[in-house]
Amino acid sequence: MKLRIAHLYPDLMSIYGDRGNILALKQRCLWRGIEVELEEISIGGQWDFNQYDLIFFGGGQDKEQKLVCHDLQEGKGERLKEAVEKGTTLLAICGGYQLLGEYYKTGTGDVLPGNGLFQARTEPGKRRMIGNVVMESQVAGQKRTLVGFENHSGRTYLSGHTVPLGKIVYGNGNNGEDKGEGAVYKNAYGTYLHGPILPKNPWFTDLLIGSALKEKYGDGTLAELDNFIEEQAHQQALSISEKKSRR
Amino acid sequence: MESARLVTAVWAGKTISSLSRVLGLGAGSTYPGRIMRKIDPQVLAKLSRGFSQGTVMISGTNGKTTTSNMIAHILKKSGRKLTHNKSGANLITGLTTSLVGSCNLLGNLKAEMGLFEVDEATVPLASKEIKPQIMLVTNFFRDQLDRYGELDYTASLIKRSLPNIDYQGTILLNADDPLVANLGQDVEQKVIYYGIEDEALPLTDIVQAADVKYCVHCGELYDYSTVFYGHLGKYKCNHCGNFRPKPSIFASNLEFKNITTTSFNVSTPQGDFGVTINLPGLYNVYNALGAIGCSLMLGLSLEEIKSGLESFLPAFGRMEQIEFPKNPALLILVKNPTGFNEVLRTMLIDKKPKNLLICINDNYADGEDISWLWDVDFEGLLLARNEINFAVTSGLRAGDMALRLKYAGLASEKISLDKNLKDGLERTLAMLPSGENLYILSTYTAMLEMRDIIQKKGYLKNYWED
């Protein structure tokens, strides 16, 4: 078995340890004997995203987001949307997540149009939302926790076909108001959580890998892995958030 | 009235300082300043005007403490009297507190000059009050980004503070960091650049986690002919023509002799000299260059500077040697990807396989966001050479650190994890074969705690260097 993973704009959108997410996807495939072909895609050129099984899009600063926004408008954004409509698995973090909504309005008033993959709009906020996050998510069919760290001033509001990835237990999430965090549409996931999110939430990493395999081979069943260290990191993050919320 | 207010503030500051010292209250490095500012909001501005030889301000992500300690050491050795804030007390209240000890009850200073290491976000306010004659900016790296948001924002904080510097003063900038060098454009003060000119250095690729790869002016990709570390190097933008300014103070012929010493040649407009410092790694060459530039501006001779640098020993914890009964160890501070990478690169000078104890906390002073661990190049620097015997991870984020090593490809059997620092150390010492080196790498608060544990065990000899 083999998965083709596309890493979008690694040179521009790779902040707060995003490469850890790629590492987690890659290692958890390799440990199971699933081959991985990783391709980095940046500015320029047209891409057929249908040839990839999994797409990762990391976070970046406003300046880089503008460059990427222009590039997405040259056609990549539309192609990306088509791939997701056909069932391709995608994860977008923070800045990448913002650019896949309807628009992202920056703190300086610029409006960066998105491709509308998620029915989500992002408005500027005065207070930067920074800190540890714990959320509960039902995307795996049962209630599971996701832990991570958020650092954003944009407030994202979902509508229509797009639903939140989870419900905030600690932290701010999409907008600090409605308790929603992240977004889900078909097999595409957006979230503000870095930390990075995938290594210490192995169930979520496996969900992405499983979803990509199912789409490609019709079966997304995965072999069990030893998650001892992953669970330790997950538990420490949980208890740190609990402790801080009691202060 | 105004002077009465100042005298009251100074009196209060002195009283609280001695009380907290006598009573062992701690927080003695910031609390007096807070009260003083309540009594007289202008206390820092008023006191810092009193330095006959002026004031120096140092900011930037990495090297603030080491650079200012170097300058302080060179100045003291040359007989200058100065006031110097201690590391960790680099916010506005800490700066204010640092002046209490060096003035009399009337607010008259005993020192001739003030040397202030200032946190980046505090520079706008501190520069407005202190109005320094010399401003040194070391570098901008992604550090505890969670505090300030984004790197461009941090740079803009410093940029807009530059008009606060004495218009006849000097701005000393690292030429090799595009974000820092850019600060020197369109300012009225004199600008002096320092950097490294050594084509023989082993080149490194610009790391994936580099913070500044794109031109600070036009956003196009920089063309680097040389990368020294992180995004520091010789860069130019082929699109808008922005390029690295030529440094007038520079280091060449760098030689990393062993894990604790580095030699290089220094060139300055006043002449050249060779120097050997008791510190490892390229980043300390940058620190030395900043200190050299600053000392020159203050009128010191090349001889004074050389002898000061050569007798300088690093501050506690940043790189400290410890003798356990059966093993020599080094306790090293790590706080961001570039610093950590430099430490790993320095460790490669030691050819033997490494025994590691890595302690990661996520308290405020460490940075609460530990995602930066994933931007450290463990793959390239340690694992590629099969250089690790074992790694124990400890601290509040021991799990994240262990996870980082696991996903870097270190076999799970080589990783053990103990959240409690004392237990982590015990476990490590028990695993360590007699006579082998131990490397203890710690974030700031974990390092303080670890140092305390080691001291209680009786294995620490050196205390705070002044």
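Select Glu35(A) and its surroundings: apart from residues up to four places away in sequence, Glu35(A) touches Met1(A) and Lys2(A). This is a predicted model. Glu35(A) belongs to strand E2 (residues 35–41) of chain A. Its C-beta has 10 neighbours inside 10 Å, so Glu35(A) counts as exposed. Now add Glu224(A), which is 189 residues away along the chain; the two C-alpha atoms are separated by 17 Å.

**Tyr16(A) and the cis peptide**

Go next to the loop between strand E1 (2–8) and H1 of chain A, where Tyr16(A) is placed. Is Tyr16(A) buried or exposed? Tyr16(A) is buried, because 30 other C-beta atoms lie within 10 Å. Check its backbone as well: phi of Tyr16(A) is near 50 degrees, a positive value in a residue other than glycine. Most residues other than glycine have a negative phi, and most peptide bonds are trans.

For a peptide bond that is cis, select Gly195(A) and Pro196(A); omega between them is near -20 degrees. Pro196(A) sits in the loop between strand E14 (188–191) and H4 of chain A.

**The sheet of chain A**

Colour E9, E8, E11 and E12 of chain A. These four strands, in the order E9-E8-E11-E12, make an open sheet with antiparallel pairing. Strand E9 (144–152) and strand E12 (180–181) of chain A are at the edges with a single partner strand each, so one side of each has no neighbour in the sheet. Inside the sheet, strand E8 (residues 129–137) and strand E11 (residues 166–170) of chain A run antiparallel and are joined by three bridges. To find one of these bridges, select Val134(A), whose bridge partner in E11(A) is Tyr170(A).

**Where chain A meets chain B**

Show both chains. The contact takes in 29 residues of chain A and 27 residues of chain B. Which elements of chain A give two or more residues to the side that touches chain B? They are helix H1 (19–30), helix H2 (62–85), E8, E9, helix H4 (197–200) and helix H6 (228–246). H6(A) gives the most, with six residues. Coloured by class, this side of chain A shows 11 nonpolar, 11 polar and seven charged residues.

**The two domains of chain B**

Move to chain B and colour domain 1 (47–91 + 108–310) and domain 2 (319–456) separately. Their centres, taken over C-alpha atoms, are 28 Å apart. In the contact between them, 19 residues of domain 1 of chain B meet 17 residues of domain 2 of chain B. On the domain 1 side, helix H7 (145–148), strand E9 (249–258) and helix H10 (282–297) of chain B each supply at least two residues. The residues on that side divide into 11 nonpolar, five polar and three charged.

While on E9 of chain B, select Asn253(B), which lies in that strand. Phi of Asn253(B) is near 50 degrees, a positive value in a residue other than glycine. Asn253(B) has 13 other C-beta atoms within 10 Å and is therefore partly exposed.

**A hairpin and a loop**

Still in chain B, strand E7 (residues 223–229) and strand E8 (residues 232–236) pair in the antiparallel sense over five bridges. The partner of Tyr229(B) in E8(B) is Leu232(B). Two residues lie between the strands of this hairpin, and Gly230(B) takes a positive phi near 60 degrees.

Then select Asn182(B), in the loop between helix H9 (178–181) and strand E6 (190–196) of chain B. Asn182(B) is partly exposed, because 19 other C-beta atoms lie within 10 Å. From Asn182(B) to Glu255(B), 73 residues apart in sequence, the C-alpha to C-alpha distance is 29 Å.

**Helix H16 of chain B**

Finish on helix H16 (residues 444–456) of chain B. At 1.5 Å a residue, its 13 residues should span 18 Å, and its end C-alpha atoms are 19 Å apart, which agrees. Which residues of H16(B) are buried? Select Tyr444(B), Ala446(B), Met447(B), Met450(B) and Ile454(B). Because these residues cover an arc of only 150 degrees around the axis, they are on the same side of H16(B). Their packing partners are strand E12 (319–323), strand E13 (328–333), strand E14 (354–359), helix H15 (421–431) and strand E17 (438–442) of chain B. Just after H16(B), stop at Gly458(B), where phi is positive at about 90 degrees.

Key. Residues are numbered from 1 along each chain as its sequence is written. Chains are lettered from A and ligands numbered from 1 in the order in which they are written. This is a predicted model: local features need pLDDT of at least 70, side-chain atom pairs count only at pLDDT 80 or more; totals for chains, interfaces and linings use all residues. Domain bounds come from an automatic or database domain assignment. Two residues are in contact if their C-beta atoms, placed from the backbone, lie within 7 Å. Ala, Val, Leu, Ile, Met, Phe, Trp, Tyr, Cys and Pro count as nonpolar, Asp, Glu, Lys and Arg as charged, and the others, Gly among them, as polar. The expected span of a helix is 1.5 Å times one less than its number of residues. A residue is buried if 20 or more other C-beta atoms lie within 10 Å of its own, exposed if 12 or fewer, and partly exposed in between; C-beta atoms are placed from the backbone. The arc is that of the directions from the helix axis to the C-beta atoms. Two strands pair if DSSP finds at least two bridges between them.
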